[in-house]
Amino acid sequence: MAKNVLSRLPEIQLPDGQLPEWEQPVVTEKSEPEPVVRPGSPDLSRRTFVAVSTALGAAMLLPAAPAQVTTDAPPELVSVALKVNGKTHALKLDPRTSLLDTLREHLGLTGTKKTCNQGACGACTVYVDGVRINACLALTVMHDGQSVTTIEGLAQGDALHPMQASFIVHDGFQCGYCTSGQIMSGVSVIKEGHAGSDAEIREWMSGNLCRCGCYVGILAAVKEVRDAGV
Amino acid sequence: MSPAVGQPIPRKEGRAKVTGRARFAAEYPIRGVVHAIPVLSTISRGRISSIDTAAAQAAPGVLAVLTHLNAPKLPYRPFERPLETSTRVGVFFKPLRDDVIRFNRQYVAVVVATTLEQAEAAAALVRVSYAPLRAISSFEEGLSAAHQPREKGSRGLPYQRGDPELAFAAAAVRVDQRYTIPTEHHNPLETHATIAVWNGNQLTLYDKSQWVKGVQQHAALAFGIPYDQVRVLSPFVGGAFGSALRPWAHIDLAAMAAQVVKRPVKLSLTREAMYGTTGFRPETRMRVRLGANASGTLTAVMHEAWGQTSTYEEYTENTLDATRLMYAVPNLSTVPRLVPMHVSTPQYMRGPGEATGMFALETALDELAVALRMDPVALRIKNEPLADPESKLPWSLRSYVQTMQLGAERFGWARRTPAVGSMKDGGLLIGMGMAGATYPALRFPTSARIRMNLSGSVTVLSAATDIGPGTYTSMAQVAADAVGLDVALVNVELADSKLPYAHAQGASALFASLSPAVREAGRQLARQLAARAVADQRSPLYGLKAETLTAVNGGLSGAGKRESYAALMARSDAPLEVHLTSAPPMSAPKQSTHCFGSHFVEVSVDPDVLEVRVRRVVSAFGVGRVVNPRTAHSQAVGGIIGGIGMALHEQTHTDPRYGRIMNANLSEYLIPVHADVPPIEAVYLDEVDYAIGPLGAKGLGELPIVGVAAAISNAVYHATGKRVRDLPITIEKLL
Ligand code: FES
Ligand code: FES
């Protein structure tokens with residue numbers, strides 16, 4: 001086995017498990033919390049805005065910080081009724097559970113994807129009462145009694161939704177991880193009336209990232225479904 | 001029946017992916033699975049002075065809190081030689097082994113709890129105190145300890161031919177510039193995840209991997225158990241781009257935690273944790289010197305690179321390889337150097353090395369073209385080498401010039417007026433730029449098994465993965481042609497370490513490695529079936545000579561007679577299998593085999609706010625045979641979009657004081673979104689290169705990203721007269 005490369009770098013040598021004598025600790029400090037980004041602070045980008053505004057929303061719902069909730073009083077499970085793809089589920093959930101984690105970890109509906117968990121990528125797009133939202137930014141308790149549609153509920157039995165079929169034809173994916181969210185958004189963009197031009201589709205689909213870079217095929221798929229008028 | 005290879009067959013796994021049924025690593029429904037959340041260091045270098053886990057331990061649902069103080073000491077038996085996808089020099093990072101912090105967001109603890117919410121909440125309760133040391137967190141500081149790589153071979157050693165210093169000094173026209181690419185993160189949309197399940201001393205890992213056989217070996221050695229007691233599955237991978245080529249420490253954490261709590265454990269990294277331990281493209285600074293005579297013939301090329309690495313491993317990439325073979329120049333040197341910093345180890349990211357080095361070389365060439373008042377395409381054609389200038393071997397097929405001619409024609413390059421700022425559209429400045437691309441064609445030993453089922457359908461089995469290029473589909477095409485049946489009747493099963501050995505899906509090598517095995521196994525299968533048929537009185541083919549039969553349309557035919565595979569197999573009581581390994585020839589290569597391409601880009605620049613938009617891209621590639629035009633087009637477009645990200649968006653920002661990555665998320669680490677992507681035309685030359693294998697297909701995953709950033713930066717120069725040599729090209733650099 002090769003020797004540790006540190007031997008080449010005497011000035012920063014740090015052998016396993018011991019401090020070089022010449023270099024004493026400068027400070028002993030507690031782990032620092034991440035700086036909080038607030039709306040209005042100069043480095044707030046278009047993508048963080050969603051995360052920040054929802055984080056504030058969540059904070060309003062749970063006035064104490066999550067850590068304190070856990071130490072002082074373990075959260076009671078709460079009952080939530082959720083209709084998912086036409087089927088009603090009576091759930092007992094930790095109130096901190098996001099809609100995304102409810103779908104993936106409690107209902108076994110893993111078609112909705114987790115990528116950023118902060119509203120920046122759209123992989124978790126689902127419909128709540130017909131409107132598209134990022135499921136990672138929603139707490140399930142906020143949607144008690146509401147109706148959720150996921151990618152698993154888009155096809156009619158064996159018959160694919162036209163958007164699903166069109167994604168296959170135009171090869172609108174490679175790895176397939178963003179695909180559920182792209183398809184859910186693609187359907188919505190047409191329904192919302194934002195699929196007029198290529199530029200408009202691109203703009204209104206820009207909340208759905210694709211790292212494989214399948215945007216050309218995705219655009220073609222959305223246009224085909226728009227033109228078919230379904 | 002026309003061959004399936006070459007047809008734009010839709011993806012085999014398409015339905016599974018558009019319905020959300022394709023299962024990725026974290027999505028297996030495992031009974032009793034519990035959740036692990038790692039705690040990440042907040043310093044970049046030093047030691048853990050104390051770690052308080054009491055509150056976490058007492059939190060509801062918590063099953064274990066592991067730190068370096070109580071984690072089991074895994075045996076980590078030594079590798080005979082390091083995995084080919086791992087770093088060759090150094091000692092890889094082992095989690096929770098000691099109190100030493102080597103990089104920021106290093107794992108310092110892992111919390112296991114019954115639910116995800118409990119694990120997340122409890123992880124926030126772990127209190128870690130550190131004795132920090134000053135870390136080398138800026139490249140400038142790291143440069144003082146820069147050194148030559150210890151790795152030997154083409155990428156580690158300096159190279160020289162002729163006398164480049166002398167030729168450069170004597171050159172009529174010279175370019176001497178420095179170029180930088182920043183640290184970039186792979187950021188596949190699926191974060192790395194592992195579910196570890198122990199059954200006695202058998203370990204099953206559902207893992208995000210580009211090489212299940214590599215993970216199997218790693219895990220077996222880490223836990224000191226025989227290889228065959230580890231099974232790794234990774235049938236769907238949500239993108240990786242290199243980040244899942246080598247086994248990372250979270251796999252050890254998941255399996256270790258599962259051992260401790262005696263339950264299956266799911267460990268899904270957060271996006272933030274993806275900026276800790278799962279690799280990145282290293283920041284690389286380069287100096288390029290070009291010398292040419294007045295008519296544009298290159299006389300000297302010198303290319304030096306300084307690439308970021310960690311302090312515990314030496315990560316060396318092929319940054320300078322392309323420079324040595326791209327153009328005919330008698331005097332040339334390349335010098336690689338490493339810059340150790342307190343970061344985790346970099347890892348191959350799409351087009352590793354070539355994407356970095358070619359940004360510098362192809363931008364410098366544009367600068368030379370400007371200095372010579374020469375068309376950039378003409379300059380490149382003028383310096384076209386007849387044989388590989390480094391190895392002196394003849395090219396098996398070098399279609400660089402053809403890609404430039406085709407690309408230029410499709411793009412309308414002739415309409416470009418060379419003067420800076422001379423093209424406008426309304427109030428916008430228009431720039432047109434081009435650059436070349438290359439990537440080697442590689443092939444590794446790989447095995448496959450092919451099975452004729454009783455129904456007459458065929459199953460292909462291999463441990464290879466499909467991270468998105470379309471291996472499920474292309475292998476079905478290869479098998480369909482080899483056995484002689486419709487591609488719809490071929491099933492492909494991949495990415496289970498129990499299946500025949502396959503090399504990693506990387507370096508654009510998987511198709512060229514796996515397809516010969518699948519093809520030859522399929523042909524042998526057809527031959528065995530023919531032998532069976534002619535020996536079987538119940539077959540219409542009885543008594544014919546097996547070698548006169550043809551395998552076509554789902555059966556065998558000859559002498560005007562025919563029997564379908566389904567009919568033949570109906571008389572059989574077991575499926576028929578052929579297992580085969582295929583390896584490239586052991587003898588020294590007689591030809592130099594590479595892929596080539598070129599990109600033509602149009603940008604607009606708003607003169608008031610200096611916003612750069614890519615308006616259209618035309619790229620042409622010569623990669624040998626294109627097996628599936630539909631999936632190949634997606635791969636090319638995807639690579640080009642990755643290149644747009646490199647050029648305009650991507651940069652990992654590190655606080656130079658503390659070494660902490662400041663944009664460890666997808667909000668502030670920008671990747672191209674829909675609105676950033678213009679119409680893209682990617683065309684492939686109609687060609688075949690049999691030097692690499694019997695299908696004549698070289699591989700196309702890495703090539704398309706190479707050179708894109710240079711083409712864009714050259715276009716920006718054409719529009720504005722500003723030469724941006726440090727990526728990404730952001731507004732302030734155009735002021
Ligand atoms: S996972 Fe919800 S937006 Fe990224
Ligand atoms: S298909 Fe891989 S991220 Fe979109």
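How many residue pairs are in polar contact across the interface of chain A and chain B? The rule finds 22 such pairs, both residues being at pLDDT 80 or more. I should say at once that this is a predicted model, and that every value in this talk is computed from it.

Let me begin with that interface. On one side, 86 residues of chain A take part, and they are in contact with 100 residues of chain B. The size of an interface is often given as the accessible area lost when the parts come together. For chain A and chain B the buried area is about 7500 Å², with 58% of it on carbon and sulfur atoms.

The charged pairs come next. Across the interface of chain A and chain B there are 5 salt bridges. One of the pairs between the chains is B:Lys266 with A:Glu105, at 2.9 Å from N to O. As for the elements involved, the side of chain A that touches chain B draws at least two residues from each of β1 (29-30), α1 (46-61), α2 (66-72), α3 (99-106), α4 (162-169), α5 (179-191), α6 (198-204) and α7 (215-228) of chain A. Sorted by class, that side of chain A holds 34 nonpolar, 27 polar and 25 charged residues.

I turn now to chain A taken alone. Its secondary structure comprises 7 helices and 6 strands, and along the sequence they run β-α-α-β-β-α-β-β-β-α-α-α-α. Of the 230 residues in chain A, 46% are buried. Among contacts in chain A with a separation of 6 or more, 54% join residues 24 or more positions apart.

Chain A is also divided into domain 1, residues 79-153, and domain 2, residues 154-230. Their contact involves 19 residues from domain 1 of chain A and 18 residues from domain 2 of chain A. The C-alpha centres of the two domains lie 21 Å apart, and the area buried between them is about 1400 Å², to which carbon and sulfur atoms give 47%. Which three residues supply more than any other three of the area that domain 1 of chain A buries against domain 2 of chain A? They are A:Tyr127, A:Arg132 and A:Ile151, which together supply 45% of that area.

Between these two domains there are 11 residue pairs in polar contact, both at pLDDT 80 or more. Strand β4 of chain A, residues 125-128, provides 3 residues, the largest share of the side of domain 1 that touches domain 2. By class, this side of domain 1 has 6 nonpolar, 8 polar and 5 charged residues.

The rule finds 1 salt bridge across the domain interface. A:Glu192 and A:Arg132 form a salt bridge, their closest N and O atoms being 3.0 Å apart. This pair links distant parts of the chain, 60 residues apart: A:Arg132 is in strand β5 (residues 131-134) of chain A, and A:Glu192 is in the loop between α5 and α6 of chain A. Is A:Glu192 buried, partly exposed or exposed? A:Glu192 counts as partly exposed because its relative accessibility is 34%, which falls between the bounds of 20% and 50%.

Over all chains, a search of the whole structure finds 51 salt bridges. In chain B, B:Asp176 forms a salt bridge with B:Arg287, with the closest N and O atoms 2.8 Å apart. B:Asp176 lies in strand β9 (residues 173-181) of chain B and B:Arg287 in strand β14 (residues 284-292) of chain B, so this salt bridge ties together parts 111 residues apart in sequence. B:Asp176 is partly exposed, at 35% relative accessibility.

A further salt bridge in chain B joins B:Arg246 and B:Glu313, with 2.9 Å between the closest N and O atoms. B:Arg246 is in the loop between β12 (230-233) and α7 (249-261) of chain B, while B:Glu313 is in strand β16 (residues 313-314) of chain B, 67 residues away. Both B:Arg246 and B:Glu313 are buried. Elsewhere, salt bridges that share partners join A:Asp171, B:Arg11, B:Glu13 and B:Lys17 into one network.

I close with two residues of chain B. B:Thr67 is in strand β3 (residues 62-67) of chain B and counts as buried because its relative accessibility is 4%. Beyond its neighbours within four places in sequence, B:Thr67 is in contact with B:Ile51, B:Thr53, B:Leu96, B:Val108 and B:Ala109. B:Asp676, in the loop between α15 (629-648) and β29 (680-684) of chain B, is buried with a relative accessible area of 15%. Not counting residues up to four places away in sequence, B:Asp676 touches B:Arg613, B:Ile644, B:His649 and B:Ile671.

Conventions: Residues numbered from 1 in each chain as written. Chains lettered and ligands numbered in written order. Predicted model: local features only at pLDDT ≥ 70, side-chain atom pairs only at ≥ 80, totals over all residues. Heavy atoms only, no water. Domains from an automatic or database assignment. Contact = heavy atoms within 4.5 Å. Buried area = accessible area lost by both parts, 1.4 Å probe. Salt bridge = Lys/Arg side-chain N within 4 Å of Asp/Glu carboxyl O. Polar contact = N/O pair within 3.5 Å; in protein donor to acceptor, adjacent residues only side chain to side chain. Helix = DSSP H or I, 4+ residues; strand = E, 2+ residues; numbered from the N terminus. Nonpolar A, V, L, I, M, F, W, Y, C, P; charged D, E, K, R; others polar. Buried < 20%, exposed > 50% of the residue type's maximum accessible area, 1.4 Å probe, protein only.
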